[in-house]
Amino acid sequence: MLFHFANVLVFFGLSALFVAAMLGLSSVLRPSNPEPLKLTSYECGEPPTGSAWINFNIRFYLVALIFVIFDVEIAFIYPVTVVFRDWVLKGNGLFALAEILVFLGVLFVGLVYVWVKGDLEWLKRVPNAPAADAEALRDAA
């Protein structure tokens with residue numbers, strides 16, 4: 001039984017040795033000409049301007065996260081569609097269809113939630129304050 005684990009250890013050792021050999025070989029073969037310009041930030045070929053500490057719009061991250069979530073979940077459906085015919089022939093087609101419909105239902109509820117929350121809109125609209133609130137704010141100032 002322990003012999004099977006020895007195979008894993010041998011492959012782990014060989015992979016660590018391969019990585020070390022490639023890193024060593026690259027350090028020997030690559031040119032070395034350090035200069036201060038290489039340590040600056042690279043901004044698409046443009047010289048960097050201003051501070052790097054700026055606030056990014058959170059919409060970039062939200063849209064990317066929503067895309068990744070739905071893209072990965074759709075990728076889970078693809079293997080089921082490949083073997084669905086076999087499941088139908090084995091008599092498990094209705095069960096598999098029900099599972100996929102529940103899965104798609106959860107995806108749909110997530111999409112409706114994101115849509116209602118307004119995360120799919122690039123520019124969020126700020127609701128207008130009622131006139132009474134606006135007058136109260138003016139009087140307080």
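Which residues are buried in α3? In this predicted model, the buried positions of the helix are G93, A96, I100, L107 and V114. A helpful clue to their arrangement is that an α-helix has 3.6 residues a turn, so residues three or four places apart point the same way. The partner on the buried side is α2, against which the buried residues of α3 pack.

The pairing itself is easy to describe. Helix α2 covers residues 58-90 and helix α3 covers residues 93-117, and the two pack at an angle of about 165° with their axes 10 Å apart. Since angles over 145 degrees count as roughly antiparallel, α2 and α3 are therefore roughly antiparallel to each other. The crossing of α2 past α3 is left-handed. On the α2 side, the contact is formed by I66, F70, E73, I74, F76, I77, V80, F84, W87 and V88, while α3 contributes G93, A96, L97, I100, F103, L104, L107, G110, L111 and V114. Sorted by class, this contact comprises 17 nonpolar, two polar and one charged residues.

A closer look at α3 is worthwhile. With 25 residues at 1.5 Å a residue, α3 should span 36 Å, and the 36 Å between its end C-alpha atoms agrees with this. Within this helix sits L104, which is partly exposed, its relative accessible area being 36%. The C-alpha atoms of L104 and E73 are separated by 9.2 Å, although these residues lie 31 residues apart along the chain. Just after α3 comes G118, with a positive phi near 90°.

Methods:
Residues numbered from 1 in each chain as written. Predicted model: local features only at pLDDT ≥ 70, side-chain atom pairs only at ≥ 80, totals over all residues. Heavy atoms only, no water. Axes fitted to C-alpha atoms, helices over the stretch in contact; angles between N-to-C directions. Helix = DSSP H or I, 4+ residues; strand = E, 2+ residues; numbered from the N terminus. Parallel < 35°, antiparallel > 145°, perpendicular 65-115°, else oblique. Left-handed = near helix turned anticlockwise from the far one by under 90°. Contact = heavy atoms within 4.5 Å. Nonpolar A, V, L, I, M, F, W, Y, C, P; charged D, E, K, R; others polar. Expected span 1.5 Å × (residues − 1). Buried < 20%, exposed > 50% of the residue type's maximum accessible area, 1.4 Å probe, protein only.
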